[in-house]
Amino acid sequence: MKVLTRYEMAKDTLAGFETVKNIFELREAWKKDFWECIRDVATHPVVLRMKLYPHHGNSSCYDHCIHVAYYNYRLCRFLGLDYKSAARGGMLHDLFLYDWHKHTKKTGDHFHGLTHPKKALVNARKIFDLNPTEQDIIYRHMWPVTLFRIPHTWEGFITTLTDKYCGACETSRRKQCKR
Ligand SMILES: [Fe+2]
Ligand SMILES: [Fe+2]
C-alpha cells in the first residue's frame, strides 16, 4: 500500500473541498437556470392565482407546482432529457384554479382526481403555446390513477413520480406542524 506524504494528503483534501465547492456552484447555477426556464409561466397573473387555492397540507397549488417543476428540472437535466419542458409542464400541471377540497360540494363532480388534468390543460393552452411534451406532462400526470392515460414521454413519466413525491412531502409536513 502506498503511503501518502503530507503534501499528497493535503492535496487530496483540497481536491475534496474543490469537488464540494463545484457541486454547490453547479447547484446554484441550475437554480438560476430553472428560474429562467419558468419565469414567464410562474409570474403570469393567471398562474399566480394558484396561490389562492390550498392543495396538499399547508402548501398552495402554486407551491406544489413549483416543487414539481423544480424536481422535474433537476431529474430531467441529470438524465439528459428535455428539462425546460419538464419544468414548464410541471409548473402548469395543476392549473385547474379551484379549491378541490370544496369542489365536490360546489359542483357535484366526484372525480376531481380524474378530471383536473384536462381542465389544467385547457386553462394552460388558453395562455401559453405548449409543446407536445408539456401537454403530455399536464394531461397524463395523474397516471396510474387515470388507468389508460399513460404518459407518452419520459418527462411525462417522471412527472407522475415527482407529483406524488411532492404531494406526500407536503402532506407529511402539515402533520409535523400539527404536532
Ligand atoms: Fe394533479
Ligand atoms: Fe400535482
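This report walks through the overall build of one chain and then looks at a pair of its helices.

**The whole chain**

Keep in mind that what you see is a predicted model. The chain holds eight helices and zero strands, so reading from the N terminus you meet α-α-α-α-α-α-α-α. Its C-alpha atoms fill a box of roughly 75 × 45 × 35 Å, taken along the principal axes. The radius of gyration is 20 Å, while a compact globule of 179 residues would have one near 16 Å. Of the 179 residues, 32% count as buried. Among the contacts with a separation of 6 or more, 61% come from residues 24 or more positions apart.

**Two helices that pack together**

Two packed helices are described by the angle between their axes and the distance between the axes. Here is one such pair, helix α1 (residues 6-42) and helix α3 (residues 61-78). Their axes lie 11 Å apart, at an angle of about 130 degrees. That angle makes α1 oblique to α3, because it falls outside the ranges for roughly parallel, roughly antiparallel and roughly perpendicular. The crossing of α1 and α3 is right-handed.

Which residues of α1 and α3 make the contact? The table lists them by helix.

| Helix | Residues in the contact |
|---|---|
| α1 | W30, F34, C37, I38 and A42 |
| α3 | I66, A69, Y70, Y73, R74 and R77 |

What kinds of residue are these? The contact of α1 with α3 divides into nine nonpolar, no polar and two charged residues.

Conventions:
Residues numbered from 1 in each chain as written. Chains lettered and ligands numbered in written order. Predicted model: local features only at pLDDT ≥ 70, side-chain atom pairs only at ≥ 80, totals over all residues. Axes fitted to C-alpha atoms, helices over the stretch in contact; angles between N-to-C directions. Helix = DSSP H or I, 4+ residues; strand = E, 2+ residues; numbered from the N terminus. Parallel < 35°, antiparallel > 145°, perpendicular 65-115°, else oblique. Left-handed = near helix turned anticlockwise from the far one by under 90°. Contact = placed C-beta atoms within 7 Å. Nonpolar A, V, L, I, M, F, W, Y, C, P; charged D, E, K, R; others polar. Rg over C-alpha atoms; globule rule 2.2 N^0.38 Å. Buried ≥ 20, exposed ≤ 12 C-beta atoms within 10 Å, placed from the backbone.
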